[in-house]
Amino acid sequence: MTLHEGARAGRRVDRLLSFNGWLVFAFLYLPILIVIVFSFSGAANVGIWGGFSLRWYERMFGNEQLMKSLQNTLWIALFSTIISTVLGTAAALALDRYRRWVGRGAFDAILYMPVIIPDVTMAVMLLLWFTQIGLPLGRGSILLAHIAFNISFVAIVVRARLANMDPVVEEAAADLYATRWLTFRRVTLPLIMPGVLGGGLLALTLSLDDVVITSFVQGPGATTLPVHVFGLIRKTVTPEINAVSTLMVTASMILVFASLAIQRRE
Amino acid sequence: MTMLREQDDSPQEAVNPELERKAERRESWRGFFHAVPAYVYLIVFFVLPLFVVFVFSFASRGRTGRPILENWNLDGWTRLGDPLVSTIVGRSLFVAVLNTFLCLIIGYAFAYWIATRPKQSTRTLLLILVLIPFWSNFLVRTYAWRLLLDSDGYITQLGEWTGLWGRMLFTLPAVFLGLLYGFLPFMVLPLYAAIERIDWSLVEAGRDLYASGTKAFLKITLPLSRPGIIAGSILVFIPSLGAYVTPDILGGAKTTLLGNFIVTQFGAARNWPFGSALSSAILIVMVAATILYFRSGARTV
């Protein structure tokens, strides 16, 4: 939409808005930047600059518990992303491409609930359920929980993509005697691929970041990096946490740029 | 509408309604089969757990705090009326409402500013700058404030230097700062989407008819951005109400919110039935808020 001259805010208002805008950006970025800067400080005290040093990174990579939890995090994130992307994409197809089937309305409602439910409630629900059915808590239970909240996010992203896609191309493929599988493989899937990848990246990010739900359904010896760090922060703050934080922010940034690149590629 | 419908002029379809019905039934099964894996998964790992929480809220409390499925009672629910509980619920509601309001005021001005930049490339760039903190790890972002607000943190030093504030860590203002910081991007994105879609010629028409800038904003721009306001408010209000990480890291004993209180019931307090009742209560509020959202959304869109 182009802006009409007459609709623009007055010059004074606009200047105020700009001031507020840059202030908000400073508010959003300065805290993260400070953590990143201090992760390279040699001082043992978190808030004091002690010259450039990589000692906290060395210590982080040498910390066996931390590395074990990082390994768990990556394992859980990988599998929960793959499984939830497949299930979520199929669910989005079912809702967007097929208008009438048994239980469609209920499914539509259930699918959106994990997105709006507060983390704490979801965590409580899953803990009660897992203990009730006697499922041992550990890496497996964390994976099951992550898939449960990720399916919905993937389905929403893919569905948005499907909604913008003209079914005419699929009909054309069918008219040319393509089988359903061939139509899906060669027409539908390539067209919704940005949505599938975007949903997958969102699932990956959510899985890598989750603290609350994981801290409820984790078991002895099987925790994830964010939950481990959360425990550390609650005890004492050490510069090592700055290094881990920088690592996690870097991972998030890579994922943002990956998802932007996917959307660009249209 | 089905995915691969026959052409409308297909003679078969016109002649044989039986065949058409059969095809329709087949389509319906196909849709169902696509959904089945996710459907079953969500029933097993979402709907049944939801049901269990509700059932357990009526169970009695065992010695370890785990629920015993006999002597069904309403204790968990009646405890919601305790003065201690109502203080915490009241505080959580206050925090969630005020945080939503603060995010709305700051986020609106911010989203409006981004959406009214004349060049598309500027808008895209600014939006990417909002997306980065939005995608960044929530725990890390909260932890950053733990550093800033600690006794030798920069914010504390600034406050002491100006004489305006002291150490804020473990107080309610610190929790507010953390929540505002954590959830502001959730408000900005839907607001931006709504404001960017506004047809500015309507605002211009208002101005041509001698509406003042303020009046045109209140009567035209603001109502047109209502879907964004509602979506953003829901996205901030629900997680603020159930917040756990932020008050845990930045708050203290006097700033316990509903989220922390629920977690305590499953940990130190060992009262799972009461914790289940609290969770069910949050769920009910959430469902009510969502229904309100879809109702008002339906009216405006």
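What pattern does chain A follow when read along the sequence? The answer is α-α-α-α-α-α-α-α-α-α-α. The views below come from a predicted model.

**View 1. Chain A is built from helices, with eleven of them and zero strands.** Its radius of gyration is 23 Å, well over the 18 Å that the globule rule gives for 266 residues, so chain A is more spread out than a compact globule. If you boxed up the C-alpha atoms along the principal axes, you'd need roughly 70 × 65 × 30 Å. Of the 266 residues in chain A, 46% are buried. Among contacts with a separation of 6 or more in chain A, 79% are between residues 24 or more positions apart.

**View 2. Chain A splits into domain 1 (5–38) and domain 2 (57–264).** Going by C-alpha atoms, the centres of these two domains of chain A sit 32 Å apart. Four residues from domain 1 and five residues from domain 2 make the contact between them. On the domain 1 side, the residues touching domain 2 of chain A are four nonpolar, with no polar and no charged ones.

**View 3. Chain A meets chain B through 79 residues of its own and 83 residues of chain B.** Which helix gives the largest share of the chain A side? That's helix α1 (residues 11–38) of chain A, which puts in eleven residues. Sorted by class, the chain A side has 57 nonpolar, 13 polar and nine charged residues.

**View 4. The largest nonpolar core holds 149 residues.** The residues with the most contacts inside this core are A:A91, A:V124, A:L126 and B:A111, so to speak a mix of chain A and chain B names. Helix α8 (residues 172–196) of chain B gives the most to the core, with 16 residues. Zoom in on A:A91 and, leaving aside neighbours within four places in sequence, you'll find contacts with A:L111, A:I151 and A:A155. From chain B, B:A35 and B:A38 also touch A:A91. As a general point, nonpolar side chains tend to be buried together in soluble globular proteins.

**View 5. B:R117 lies in the loop between α4 (83–115) and α5 (120–135) of chain B.** Is B:R117 buried or exposed? Neither, quite: B:R117 has 18 C-beta neighbours inside 10 Å, so it counts as partly exposed. Not counting residues up to four places away in sequence, B:R117 touches B:T122, B:R123 and B:L126. Now look for B:F33, which is 84 residues from B:R117 along the chain. The C-alpha atoms of B:R117 and B:F33 are separated by 47 Å.

**View 6. Chain B is divided into domain 1 (1–44) and domain 2 (79–300).** Taken over C-alpha atoms, 43 Å separate the centres of domain 1 and domain 2 of chain B.

**View 7. Helix α11 (residues 226–241) of chain B is mostly covered, with twelve of its 16 residues buried.** How far apart are its end C-alpha atoms? They are 22 Å apart, and that agrees with the 22 Å that 16 residues should span at 1.5 Å a residue. Among the buried residues of α11(B) are B:G228, B:I229 and B:G232. Further along, B:S233, B:I234, B:L235, B:V236 and B:F237 are buried too, as are B:I238, B:P239, B:S240 and B:L241.

Definitions and conventions: Residues numbered from 1 in each chain as written. Chains lettered and ligands numbered in written order. Predicted model: local features only at pLDDT ≥ 70, side-chain atom pairs only at ≥ 80, totals over all residues. Domains from an automatic or database assignment. Contact = placed C-beta atoms within 7 Å. Nonpolar A, V, L, I, M, F, W, Y, C, P; charged D, E, K, R; others polar. Helix = DSSP H or I, 4+ residues; strand = E, 2+ residues; numbered from the N terminus. Rg over C-alpha atoms; globule rule 2.2 N^0.38 Å. Buried ≥ 20, exposed ≤ 12 C-beta atoms within 10 Å, placed from the backbone. Core = buried A, V, L, I, M, F, W, Y, C linked by C-beta atoms within 7 Å. Expected span 1.5 Å × (residues − 1).
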